Amino acid sequence: MYKSLFVTHGLTSNQDELTLHPDLFLYQPLLAKRKQQWFQTSSYNPLALYAAILDVEPTSLLASKLPENTAKQYWIASPYHAQLMRDSVRVMSEGMLPWCEEDAAWVCELLNPLLAEDAMRLYAIDSALLLACAKPLDAWPAVFANIAGKHLPNRHPKGVDGGYLMRLMAEVQMLFKQSPAPHRRQRGEVDVHGLWFWGACEPCDSEMPPAIAVASRDPFLRAVVDGKDAVMIITESEQLSEFIKQGSDLPKQVLLFGENHAVLLKKPLLPKFTSSNWSPKAAKEESDLFSIL
């Protein structure tokens with residue numbers, strides 16, 4: 001049924017070497033038989049990867065779902081659960097954080113009184129969260145794909161408003177700490193500890209390109225695309241088993257992202273001896289990869 005499989009955070013680093021994400025170990029025998037083609041890439045989560053395939057900004061995809069486009073700037077607001085380490089804060093990966101429309105609505109109700117003081121408003125688009133600003137901010141925080149599963153930055157992002165943005169996110173953290181979601185605790189789910197604002201863009205008046213049907217469990221991607229009759233999967237590693245069970249064959253084209261690299265895996269014409277080597281070889285430019293996609 002599925003012809004293509006794209007896995008964000010499918011590659012991870014282990015002692016400065018690339019390896020498969022642990023949740024892909026069950027698929028190692030099938031993946032190792034594929035012919036590898038390597039690329040240098042940016043970091044992506046499912047929504048950002050889908051937007052890159054369409055050659056649009058991920059924030060614009062969400063903003064296009066609003067009934068009116070009156071703000072001067074929009075940001076994606078990604079929720080996260082974090083763990084305090086000895087000298088850092090580690091963020092749970094996106095694929096492990098349960099998230100639904102009830103959660104998004106609760107966040108808007110909790111935070112909008114605070115955000116209104118600075119002429120901002122948080123919108124829930126199905127399960128996704130979009131921050132609208134009446135006054136544009138000059139700040140360039142890391143994309144959330146560089147934060148999820150790793151550590152929160154301990155310095156301000158670039159830009160005149162970098163310090164302000166970090167203070168705003170700190171105030172959001174404090175509100176979450178003071179008012180944890182009762183419905184999440186009733187479901188036995190982890191608390192939400194913060195929002196990471198990223199992907200700032202101005203309103204886009206141009207029409208969005210035609211949507212591509214994509215199967216995904218990512219709540220932000222599902223807010224902008226339908227999975228009906230999809231022949232493509234875009235997923236985090238932790239959710240792959242919901243689409244392809246152990247022992248089942250993989251789609252014809254498999255693409256794994258992670259650690260600023262991507263590897264395109266295709267079935268070879270001749271049988272290939274299995275290999276567990278995931279070291280990049282003759283990596284091409286990111287533009288070469290997306291011209292293929």
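# Exercises on a predicted model

An open sheet of 5 strands runs in the order β4-β13-β12-β1-β11, with mixed pairing. The model is predicted. The exercises start from this sheet and move on to charged side chains and the overall fold.

## Exercise 1: the edges of the sheet

Task: state which strands are the edge strands of the sheet, and by how many degrees neighbouring strands are turned against each other on average.

Solution.
- Step 1. Take the order β4-β13-β12-β1-β11. The edge strands are β4 (35-40) and β11 (232-236). Each of them pairs on one side only.
- Step 2. Turn to the angles. On average, and with direction ignored, neighbouring strands of this sheet are turned by 15° against each other.
- Step 3. Add the helix. Helix α2 (residues 46-54) lies across β1, β11 and β12. It runs at about 145° to β11.

## Exercise 2: strand β12 and its partners

Task: work out in which sense β12 pairs with β1 and with β13, and name the bridge partner of serine 4.

Solution.
- Step 1. Start with β1. Strand β1 (residues 4-8) pairs with strand β12 (residues 253-258) in the parallel sense, over 4 bridges. Serine 4 has glutamine 253 of β12 as its bridge partner.
- Step 2. Go to the other partner. Strand β13 (residues 261-266) pairs with β12 in the antiparallel sense, over 6 bridges. Here leucine 256 stands opposite valine 263 of β13.
- Step 3. Look at the connection. β12 and β13 form a hairpin with 2 residues between them. Glutamate 259 sits in the turn and has a positive phi of about 55°.

## Exercise 3: the surroundings of β12

Task: decide whether the residues of β12 are buried or exposed, and sort them by the way they point.

Solution.
- Step 1. Apply the cut-off: buried means under 20% relative accessible area.
- Step 2. Count. In β12, 6 of the 6 residues are buried, so the strand is largely enclosed by the rest of the structure.
- Step 3. Sort the side chains. Gln253, Leu255 and Phe257 point one way from β12. Val254, Leu256 and Gly258 point the other way. Both sets are buried.

## Exercise 4: salt bridges at aspartate 103

Task: find what aspartate 103 meets in salt bridges, and say which parts of the chain are joined.

Solution.
- Step 1. Begin with the total. The structure holds 9 salt bridges.
- Step 2. Take arginine 184. Its side chain meets that of aspartate 103 in a salt bridge at 3.0 Å, N to O. Arginine 184 is in helix α6 (residues 182-186) and aspartate 103 in helix α4 (residues 101-116). This pair links distant parts of the chain, 81 residues apart.
- Step 3. Check burial. Arginine 184 is buried at 1% relative accessible area. Aspartate 103 is buried as well, at 0%.
- Step 4. Take arginine 187. Its side chain and that of aspartate 103 meet in a salt bridge at 3.1 Å, N to O. Arginine 187 lies in the loop between α6 and β10 (194-201) and aspartate 103 in helix α4, so the pair ties together parts 84 residues apart in sequence. Arginine 187 counts as partly exposed, at 37% relative accessibility.
- Step 5. Assemble the network. Salt bridges with shared partners join Glu102, Asp103, Arg184, Arg187 and Glu189 into one network.
- Step 6. Add another pair. The side chains of arginine 185 and aspartate 191 meet in a salt bridge at 2.7 Å, N to O. Aspartate 191 is buried, with a relative accessible area of 18%.

## Exercise 5: histidine 183

Task: describe where histidine 183 is placed and what its side chain makes a polar contact with.

Solution.
- Step 1. Place the residue. Histidine 183 belongs to helix α6. It is buried, with 12% relative accessible area.
- Step 2. Find the polar contact. The side chain of histidine 183 makes one with the side chain of aspartate 103, at 2.7 Å.
- Step 3. List the surroundings. Neighbours within four places in sequence aside, histidine 183 is in contact with Glu102, Asp103 and Trp106.

## Exercise 6: the whole protein

Task: judge how the radius of gyration of the protein stands against the globule rule.

Solution.
- Step 1. Count the elements. The protein has 8 helices and 13 strands.
- Step 2. Compare. The radius of gyration is 19 Å, close to the 19 Å from the globule rule for 293 residues, so the protein is as compact as a globular protein of that length.
- Step 3. Add the extent. The C-alpha trace spans about 65 × 45 × 40 Å along its principal axes.
- Step 4. Add burial. Buried residues make up 49% of the 293 residues.

Note on methods
Residues are numbered from 1 along each chain as its sequence is written. This is a predicted model: local features need pLDDT of at least 70, side-chain atom pairs count only at pLDDT 80 or more; totals for chains, interfaces and linings use all residues. Side-chain values use heavy atoms; hydrogens and water are left out. Two strands pair if DSSP finds at least two bridges between them. Axes are lines fitted to C-alpha atoms, for helices over the stretch in contact, and angles run from 0 to 180 degrees between N-to-C directions. Contact means heavy atoms within 4.5 Å. Buried means under 20% relative accessible area, exposed over 50%, partly exposed in between (1.4 Å probe, protein chains only). A salt bridge is a side-chain nitrogen of Lys or Arg within 4 Å of a carboxyl oxygen of Asp or Glu. A polar contact is a pair of N or O atoms within 3.5 Å; within protein, one must be able to donate a hydrogen and the other to accept it, and residues adjacent in sequence count only if both atoms are side-chain atoms. The radius of gyration is taken over C-alpha atoms; the globule rule is 2.2 Å times the number of residues to the power 0.38.
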